[in-house]
Amino acid sequence: MLTKEQFLDLGWSDNLRRQFEMLLLDGNSKAFSANRLPDGSLRGRVWAEIPEDWDTDLVYVFGEPEPQPIAKPGPTAVSRTAQALQLIDEGWSAYKACKFVGLSQAAVSRARKRREGREDCPHCGQLMKA
């Protein structure tokens, strides 16, 4: 079994690597496998279910699912921008957080700049005026 990084570094073209990364974010796949063909090239497979027996040793099986964005308790729902900012604060990359909640990176970048030097309200979590 390979780690995610080892699988993605097997020598895929940039296009295939991006497609595998997008499938990782999608969450509908259970595993990836790769076979070396006689000409030396790689053939990748995406598995919706984990098979009983692998036909290769170049396999990456997904670990625990990604954590779901956590809404702050309160009377109002948390916006997708706030969810993305919370994920970034927890260590996610801006790209991955934006992709996960369905926002553009520009929207989150603007929100990050707006909150610089400002404090959150201790009761509702919204930004307070400076």
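1. Glutamine 86 sits in helix 3, which spans residues 80–89. The model is a predicted one, and this residue is a convenient place to enter it. Is glutamine 86 buried or exposed? Glutamine 86 counts as buried because its relative accessible area is 18%, and the cut-off for buried is under 20%. Its C-alpha atom lies 8.8 Å from that of alanine 97. Along the chain, the two residues are 11 positions apart.

2. Next, the packing of helix 3 on helix 4. The axes of the two helices are 9 Å apart, at an angle of about 145°. The crossing of helix 3 with helix 4 is right-handed. Which residues of helix 3 and helix 4 meet? Helix 3 supplies Arg80, Gln83, Ala84, Leu87 and Ile88. Helix 4 supplies Ala94, Ala97, Phe100 and Val101. By class, this contact of helix 3 with helix 4 holds 7 nonpolar residues, 1 polar and 1 charged. Alanine 97, named above for its C-alpha distance to glutamine 86, is among the helix 4 residues here.

3. Helix 4 also packs on helix 5. Helix 4 covers residues 94–101 and helix 5 covers residues 105–115. Their axes come within 9 Å and cross at roughly 115°. This crossing, too, is right-handed. On the helix 4 side, Ala94, Tyr95 and Cys98 make the contact. On the helix 5 side, the residues are Gln105, Val108 and Arg112. The contact of helix 4 with helix 5 divides into 4 nonpolar residues, 1 polar and 1 charged. Ala94 serves in the contact with helix 5 and in the one with helix 3.

4. Two cysteines deserve a check. Cysteine 98 is buried because its relative accessible area is 2%, against a cut-off of under 20%. Cys98 is also one of the helix 4 residues that touch helix 5. Cysteine 121 lies in the segment after helix 5. At 18% relative accessibility, cysteine 121 is likewise classed as buried. Leaving aside residues up to four places away in sequence, cysteine 121 touches Gln126 and Met128.

5. How many disulfides does the model contain? The count is 0, with sulfur atoms within 2.5 Å as the criterion. A disulfide is a covalent bond between the sulfur atoms of two cysteines.

6. Now the N-terminal part. Glycine 11 is in the loop that links helix 1 (4–8) to helix 2 (14–26). Is glycine 11 buried or exposed? Glycine 11 is exposed because its relative accessible area is 60%, where exposed means over 50%. Its C-alpha atom is 7.9 Å from that of leucine 42. In sequence, glycine 11 and leucine 42 are 31 residues apart.

7. Overall layout. The protein has 5 helices and 3 strands. Along the sequence they follow the order α-α-β-β-β-α-α-α. The helix pairs of points 2 and 3 involve helix 3 with helix 4, and helix 4 with helix 5.

8. Whole-chain figures. The protein has 130 residues, and 26% of them are buried. Glutamine 86, cysteine 98 and cysteine 121 are among the buried ones. The accessible surface of the protein is about 9100 Å². Carbon and sulfur atoms hold 50% of that surface. For contacts with a separation of 6 or more, 40% join residues that are 24 or more positions apart.

Terms used. Residues numbered from 1 in each chain as written. Predicted model: local features only at pLDDT ≥ 70, side-chain atom pairs only at ≥ 80, totals over all residues. Heavy atoms only, no water. Axes fitted to C-alpha atoms, helices over the stretch in contact; angles between N-to-C directions. Left-handed = near helix turned anticlockwise from the far one by under 90°. Contact = heavy atoms within 4.5 Å. Nonpolar A, V, L, I, M, F, W, Y, C, P; charged D, E, K, R; others polar. Buried < 20%, exposed > 50% of the residue type's maximum accessible area, 1.4 Å probe, protein only. Areas by Shrake-Rupley, 256 points an atom, 1.4 Å probe, with all protein chains shown as cover.
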